[in-house]
Amino acid sequence: MSLNSNPGVSSTAGRPHTHEMVVVHRVFRRESATLPRLVRAVPDGDTARAARVAGALRDYTMGLHHHHHAEDELIWPLLRDRAPLDEERVGRMQLQHEEIDRTLTAVAEWLPVWERSADRISGEELALALDAHRTALLAHLDEEERSVLPLVAEHLTVAEWDLVGERGMDGIPKNKRMLALGAILEEATPEERAYFLGRVPLIGRLLWRSLGRRQYVAHRRAMRAPLAGE
């Protein structure tokens, strides 16, 4: 997931800078762990809080969907063509995406039931579906980083790699892009933060410094406040 612009900082020695996906994966790891905790922390019958958590969950699934769709459309076909000896590895990525989609189907079935009532039974069913989703997701992210990102660095051009990030970002509504940037920067090292901010157009960097950073901190505090005492 790049953030549109400044293509000169996108590569390392003329090859795709695949470490940016490792940083983005941290967001999915963190949020997939946090979301079932947030569901379980909603008081029985508190539909207002349930609606807020449900909104965050929908944002998460939307972001993950666009992330995986970009890979399905723009990475796997190129690797199949250029690295035929690694077909099995690439095929596993697609199968894992399908398994993750199945776990999210279970999440989607329970989410509206719980959102309407905020009762503990449907909340626990939703949380268990999220736990199962996280198990499948982590296995996929681990293997992708270990086995497939090296193939990407070897076989894709910088422009092809940047298109993957642009396509993923295109799926995020403009009014939520500051939150997406904050989610990425939250656990980034100083060097990683400088890299991602360097990918943002000047107007975006100014918005982040003047408004976006405070917006993200307030959002994070409001969402995670019930977990502070755990």
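Start your tour by selecting Arg 224, which counts as partly exposed at 23% relative accessibility (buried means under 20% relative accessible area, exposed over 50%, and partly exposed in between, with a 1.4 Å probe and protein chains only). You're looking at a predicted model, where local features need pLDDT of at least 70, side-chain atom pairs count only at pLDDT 80 or more, and totals for chains, interfaces and linings use all residues. Residues are numbered from 1 along each chain as its sequence is written, and side-chain values use heavy atoms, with hydrogens and water left out.

**Stop 1: the partner of Arg 224**

Now add Glu 186. Its side chain meets that of Arg 224 in a salt bridge, 2.7 Å from N to O (the rule asks for a side-chain nitrogen of Lys or Arg within 4 Å of a carboxyl oxygen of Asp or Glu). This pair ties together distant parts of the chain: Glu 186 sits in the loop between α7 and α8, Arg 224 in helix α9, 38 residues apart. (Helices are DSSP runs of H or I with at least four residues, numbered from the N terminus.) Glu 186 is partly exposed too, at 24% relative accessible area.

**Stop 2: the wider network**

Keep those two selected and add Arg 30, Glu 31, Glu 187 and Arg 220: with Glu 186 and Arg 224, they are linked in a network of salt bridges. Zoom in on Arg 30 and Glu 31, whose closest N and O atoms are 2.9 Å apart in a salt bridge. Are these two buried or exposed? Glu 31 is buried, with 18% relative accessible area, and Arg 30 is buried as well, at 10%.

**Stop 3: a bridge from α2**

Next, pick Asp 59 and Lys 176. They form a salt bridge with closest N and O atoms 2.7 Å apart. Asp 59 belongs to helix α2 (residues 47-74) and Lys 176 to the loop between α6 (158-170) and α7, so to speak a long reach along the chain at 117 residues apart. Asp 59 is partly exposed at 28%, and Lys 176 likewise at 29%. By the same rule, the whole count comes to 21 salt bridges.

**Stop 4: the largest cavity**

Time to look for empty space. The structure holds two cavities of 30 Å³ or more (on a 1 Å grid over the protein atoms alone, a cavity is a set of points where a 1.4 Å probe fits but cannot get out, a pocket is an open set with protein on both sides within 12 Å along at least five of seven lines, and lining residues have an atom within 4 Å of a point). The largest cavity contains about 500 Å³ of space, volume being the space filled by probe spheres set on the grid points, which are joined across faces, edges and corners. Select Glu 31, Asp 59, Tyr 60, Leu 179 and Ala 183: of the 25 lining residues, these are the closest to its centre. Helix α1 gives the most to this lining, with seven residues. The lining divides into 16 nonpolar, three polar and six charged residues (Ala, Val, Leu, Ile, Met, Phe, Trp, Tyr, Cys and Pro count as nonpolar, Asp, Glu, Lys and Arg as charged, and the others, Gly among them, as polar).

**Stop 5: the second largest pocket**

Finish at the second largest pocket, with a volume of about 200 Å³. Its lining includes Glu 186, Trp 208, Tyr 216 and Arg 220. Which helix gives the most to it? That's α9, with six residues.

Key
Helices (H or I, at least four residues) and strands (E, at least two) are DSSP runs, numbered from the N terminus.
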